[in-house]
Number of protein chains: 2
Amino acid sequence: MLRLEIAQGRLLPGTKLREEHVSAAFAISRNTVREAFRLLSHERLVDHTLHRGVYVRTVGADDIRAIYRTRRLVEPLGVEATVGDEAAIAELGALVESAESAVARDDWEVVGTRDIDFHRRLMASCGSEHVSTMVERLLAELRLAFLRMPDRRALHGPYVARNRRLVTLLAAGDRSGALTELRDYLDTAEKQLHNSLKNGSTTDPTPK
Amino acid sequence: MLRLEIAQGRLLPGTKLREEHVSAAFAISRNTVREAFRLLSHERLVDHTLHRGVYVRTVGADDIRAIYRTRRLVEPLGVEATVGDEAAIAELGALVESAESAVARDDWEVVGTRDIDFHRRLMASCGSEHVSTMVERLLAELRLAFLRMPDRRALHGPYVARNRRLVTLLAAGDRSGALTELRDYLDTAEKQLHNSLKNGSTTDPTPK
DNA sequence: GCATATTTGTCCGTATGTATA
DNA sequence: CTATACATACGGACAAATATG
């Protein structure tokens, strides 16, 4: 049942998923495949149009705008909740460290993963299950956007230093400093994503 | 496919939904029923345990605590976004008016619905699709909690005046006043729900 | 524009494993 | 412990919609 992994790592956005094909590939029945498709569709990882099948979701410029609009709205709540939460700050520090060692290994795949983990952990401090699941979905969408980007190093490279700075500010208890750092992070990240999308994306846009 | 309506209005929490029974009642196949169950389960309207079937969700005291923890976290964002949004304030006023006329008719069902509509509209001003769908789910859970309460008048009665006050404060541009009014709303609402749950609930708790 | 082939949506029947009486 | 009921999963079938030539 775990083809989330396939959708999130292996397949490229825009790929059509034929029921018959998938059922053969996984040696499961078509009915079971359909149930799985419902789940993925509900998680917005695939697009499902009537009588036309399911496609791996292609996140466009509008989607990115929506994602960062939400992040700008919600992530400040995360830093508010994290200030003074020693355990959380320690875990965030560990995640940044892991990202830094990945940079040293030139493993940009896990650098991106650690960045996502970082912000998931940041929001977990809110202590709201509802918010956490929303963030989970938000970051899954973001990961789909990452898949369309050609240069992973340029994509994830700049942000481990920013996360490091954020942790330092949080550890120092500098609430407003952390907030402005966060805002700056989000602004530059969104700008870069739009640029990468405009210039060259790995896959065809395939709007139709 | 619209048995959301049934789960949200007709059936009481704790009711077991047998696949065969439902498929017969709606004249559809078990396979289709199963797909629908997956959807409802993902929306947290039903509990789905392996090999034991699906039950209409019973929201307990812990769930209510989680709901209001999230509301206290997120709804302030809604008032921040609504201050200065003339169109939104007008719509909120219309919703309160509709609730007031429902009070005059002794129609407490729609009073509760308008209360939910009110807070949905409030959060819509954030302009975040992600937040809106999260709120949608949050309020669906809350409505399930309402179903367990015996006295609808006592449940919904006190809050139309509070919503009216909130609209007035928003229209006056009194941001901090609106925030404290909101906090007070949430505190008393949660307290009342816990009380009603303790004393007498319409349905059996049926924890097992 | 039309005819054909492919694919989806829906249904039925059946087999197997699990939980409950 | 046995037996029953039920959920899970499989495979085949057909109609409807879509895509292709």
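User: In this predicted model, which residues in α3(A) does α2(A) meet?
Analyst: The model is predicted. On the α2(A) side, the residues are A:E19, A:E20, A:V22 and A:S23. By class, the contact of α2(A) with α3(A) has two nonpolar, one polar and four charged residues. The partners in α3(A) are A:R30, A:V33 and A:R34.

User: How are α2(A) and α3(A) oriented to each other?
Analyst: Their axes lie 9 Å apart. The packing angle is about 110°. Angles of 65 to 115 degrees count as roughly perpendicular. α2(A) and α3(A) are therefore roughly perpendicular.

User: Which elements give two or more residues to the surface near DNA strand C?
Analyst: In total, 14 residues surround DNA strand C. The closest are A:E19, A:G53, B:I28, B:S29 and B:T32. The elements that give two or more residues are α2 and α3 of chain A, together with α3 of chain B.

User: How do the residues of the surface near DNA strand C divide by class?
Analyst: Among the closest residues to DNA strand C are A:E19 and B:S29. The whole surface near the strand divides into two nonpolar, seven polar and five charged residues.

User: What relation links chain A and chain B?
Analyst: A rotation of 180° superposes chain A on chain B, with an RMSD of 0.1 Å. The shift along the axis is 0.2 Å. That is the relation of a two-fold axis.

User: What percentage of the contact residues of chain A recur in chain B?
Analyst: The contact takes 19 residues from chain A and 19 residues from chain B. The same surface serves both copies. The share of chain A contact residues that recur in chain B is 100%.

User: Which element gives the most to the side of chain A that touches chain B?
Analyst: Three elements of chain A give two or more residues to that side: α3, α4 and α7. By class, the side has eight nonpolar, six polar and five charged residues. With six residues, the element that gives the most is α3(A).

User: How does α6(B) run relative to α7(B)?
Analyst: The axes of α6(B) and α7(B) come within 10 Å. They cross at roughly 160°. Angles over 145 degrees count as roughly antiparallel. That makes α6(B) and α7(B) roughly antiparallel.

User: Is the crossing of α6(B) and α7(B) left-handed or right-handed?
Analyst: Residues of α6(B) in the contact include B:I116 and B:M123. Those of α7(B) include B:L139 and B:F146. The contact residues divide into eight nonpolar, three polar and three charged. The crossing of α6(B) past α7(B) is right-handed.

Technical notes
Residues numbered from 1 in each chain as written. Chains lettered and ligands numbered in written order. Predicted model: local features only at pLDDT ≥ 70, side-chain atom pairs only at ≥ 80, totals over all residues. Least-squares fit on C-alpha atoms with pLDDT ≥ 70 in both. Contact = placed C-beta atoms within 7 Å. Helix = DSSP H or I, 4+ residues; strand = E, 2+ residues; numbered from the N terminus. Nonpolar A, V, L, I, M, F, W, Y, C, P; charged D, E, K, R; others polar. Axes fitted to C-alpha atoms, helices over the stretch in contact; angles between N-to-C directions. Parallel < 35°, antiparallel > 145°, perpendicular 65-115°, else oblique. Left-handed = near helix turned anticlockwise from the far one by under 90°. Near = placed C-beta within 6 Å.
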